[in-house]
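Here are some short exercises to work through with the model open beside you. Try each task before you read its solution.

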Amino acid sequence: GMVSAPGLTTGKVLQVANDLDSANIVLSTSSWTDTNLSISFTPVSASSKLLMLATIQGYCNGGSTSYYGEFQAKFVSGGSDVGEAYSRLTGAASSNQAVTSIHEAYSYQMDSSSTDARTIKVQVRNPQTNQNYCTYNQYGGYSSLSIWEYTT
């Protein structure tokens, strides 16, 4: 049977949408850049929750001695940022480049608030333009975005 725990609520999934992206973007500016992870989403309930889950593949490495590498990703819904920007850092480089390869999941949950259609997407950027190299979907890696609408 089901195991219950204090504070545990069970609900029902109303709908799930998913998007995959293998397009590479070399991030040479500190501006936020749209990826191809973008879903036009219309909640079926104004009182549901939306769980966004993005699995991001990226890569960054430090520049010369004093520069570290950084890769950032964030969720945008209806043109507004939701949650915080997620950062992944390398150390500073010296004679050897400090490298970070990224393939990890980012999640954020919010109220649906209405049944209005909205575009939910993922943006990425390189806030450290003096680093050696920063890229999204290195070597045609795969990133994904899933949106789960559920009741509590």
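**Exercise 1.** How many cavities of 30 Å³ or more does the structure hold?

*Solution.* Keep in mind that this is a predicted model.
Step 1: The structure holds one cavity of 30 Å³ or more.
Step 2: The volume of the largest cavity is about 30 Å³.

**Exercise 2.** Find which residues line the largest cavity, and which strand gives the most to its lining.

*Solution.*
Step 1: The lining consists of A54, I56, A73, K74, F75, Y86, Y106 and V122.
Step 2: Strand 4 (49-61) and strand 5 are the elements that give two or more residues to this lining.
Step 3: Strand 5 gives the most, with three residues.

**Exercise 3.** Work out how the rings of F75 and Y86 are arranged, and whereabouts in the chain they sit.

*Solution.*
Step 1: The structure holds three aromatic pairs.
Step 2: For F75 and Y86, the ring centres are 6.3 Å apart, and a pair needs centres within 6.5 Å.
Step 3: Their planes stand at 85°, and over 60 degrees counts as edge-to-face, so this pair is edge-to-face.
Step 4: The pair links distant parts of the chain, with F75 in strand 5 (residues 68-77) and Y86 in strand 6 (residues 80-92), eleven residues apart.

**Exercise 4.** Is F75 buried or exposed? Decide on Y86 too.

*Solution.*
Step 1: F75 has 1% relative accessibility; buried means under 20%, so F75 counts as buried.
Step 2: Y86 has a relative accessible area of 21%, which makes Y86 partly exposed.

**Exercise 5.** Follow Y86 to another aromatic partner and describe that pair.

*Solution.*
Step 1: Y86 also pairs with Y106, at 4.7 Å centre to centre and with 35° between the planes, an arrangement that is tilted.
Step 2: This pair, too, links distant parts of the chain: Y86 is in strand 6 and Y106 in strand 7 (residues 99-111), 20 residues apart.
Step 3: Y106 counts as buried because its relative accessibility is 6%.
Step 4: Put together, F75, Y86 and Y106 form one aromatic cluster. These three residues are also among those that line the largest cavity.

**Exercise 6.** Now turn to the surface: which residues make the nonpolar patch of about 260 Å²?

*Solution.*
Step 1: The patch is made by V13, V16 and W148.
Step 2: One of them, V13, lies in strand 1 (residues 12-21).
Step 3: V13 counts as partly exposed because its relative accessibility is 45%.

How values were computed. Residues are numbered from 1 along each chain as its sequence is written. This is a predicted model: local features need pLDDT of at least 70, side-chain atom pairs count only at pLDDT 80 or more; totals for chains, interfaces and linings use all residues. Side-chain values use heavy atoms; hydrogens and water are left out. Patches are made of residues with over 30% relative accessible area and no salt bridge: like charges are joined within 9 Å, nonpolar side chains (Val, Leu, Ile, Met, Phe, Trp, Tyr) within 5 Å. Accessible areas come from the Shrake-Rupley method with a 1.4 Å probe; for residues, only the protein chains shown count as cover. A salt bridge is a side-chain nitrogen of Lys or Arg within 4 Å of a carboxyl oxygen of Asp or Glu. Helices (H or I, at least four residues) and strands (E, at least two) are DSSP runs, numbered from the N terminus. Buried means under 20% relative accessible area, exposed over 50%, partly exposed in between (1.4 Å probe, protein chains only). Rings of Phe, Tyr and Trp (its six-membered ring) pair if their centres lie within 6.5 Å; planes under 30 degrees apart count as stacked, over 60 as edge-to-face and the rest as tilted. On a 1 Å grid over the protein atoms alone, a cavity is a set of points where a 1.4 Å probe fits but cannot get out, and a pocket is an open set with protein on both sides within 12 Å along at least five of seven lines; lining residues have an atom within 4 Å of a point. Grid points are joined across faces, edges and corners, and a volume is the space filled by probe spheres set on the points.
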